[in-house]
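Hi everyone, thanks for making the time this morning. I'd like to walk you through one structure, so let me put it on the screen.

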Amino acid sequence: MARLAVRLGAGVTGTAVQRSAGTLSGVGRDPAHVALATRPGPVPDTLAGTQVLALPDVAAMEGWPEWRAAAGEAHVRTALVAPARSGARIAVGVVVLGPR
């Protein structure tokens, strides 16, 4: 994740997220970004499917008002969620969050 963040730019962080047996967990360098990636909003909703979600301007997106407010508090302006599957019951994804 650190290499990905360095390649994408200063202030960009990557968080790995996993949903197993209905529980969402994450790991990453920035605790605020891990908390954002694992709260109700676009990340868990995207993990339920197979499509990549790109949010170039989080403040202007529709839906998830609580998540959008938390993103603002965490100084997140952009987000990219890339879901994948690991077996039938486990969803994993990479969440990349960019600065304001």
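**A helix with two sides**

Let me start with helix α4: the face turned away from its buried side carries the exposed residues E66 and E73. Do keep in mind that we're looking at a predicted model.

So which residues of α4, which spans residues 65–73, are buried? They are W67, A70 and A71. Looking down the axis of α4, these buried residues fall within an arc of 105°, so they line one face of the helix. That fits the general picture: an α-helix has 3.6 residues a turn, so residues three or four places apart point the same way.

And what covers that buried side? The cover includes α2 (31–37), α3 (42–47), β3 (53–55) and β4 (76–85). Just after α4, have a look at H75, which takes a positive phi of about 60°.

Now let's move to the hairpin. Strand β1, residues 13–20, and strand β2, residues 23–28, run antiparallel and are joined by six bridges. S20 stands opposite T23 in β2. Two residues sit between the strands of this hairpin, and A21 takes a positive phi near 55°.

Finally, let's zoom out. The protein has four helices and five strands, and from the N terminus on they run α-β-β-α-α-β-α-β-β. Of its 100 residues, 33% are buried. If you take contacts between residues at least 6 apart in sequence, 51% of them join residues at least 24 apart. As for the surface, the protein exposes about 5,700 Å², with carbon and sulfur atoms supplying 56% of it.

Thanks, and I'm happy to rotate the view for anyone!

Definitions and conventions:
Residues are numbered from 1 along each chain as its sequence is written. This is a predicted model: local features need pLDDT of at least 70, side-chain atom pairs count only at pLDDT 80 or more; totals for chains, interfaces and linings use all residues. Side-chain values use heavy atoms; hydrogens and water are left out. Two strands pair if DSSP finds at least two bridges between them. Buried means under 20% relative accessible area, exposed over 50%, partly exposed in between (1.4 Å probe, protein chains only). The arc is that of the directions from the helix axis to the C-beta atoms. Contact means heavy atoms within 4.5 Å. Accessible areas come from the Shrake-Rupley method with a 1.4 Å probe; for residues, only the protein chains shown count as cover.
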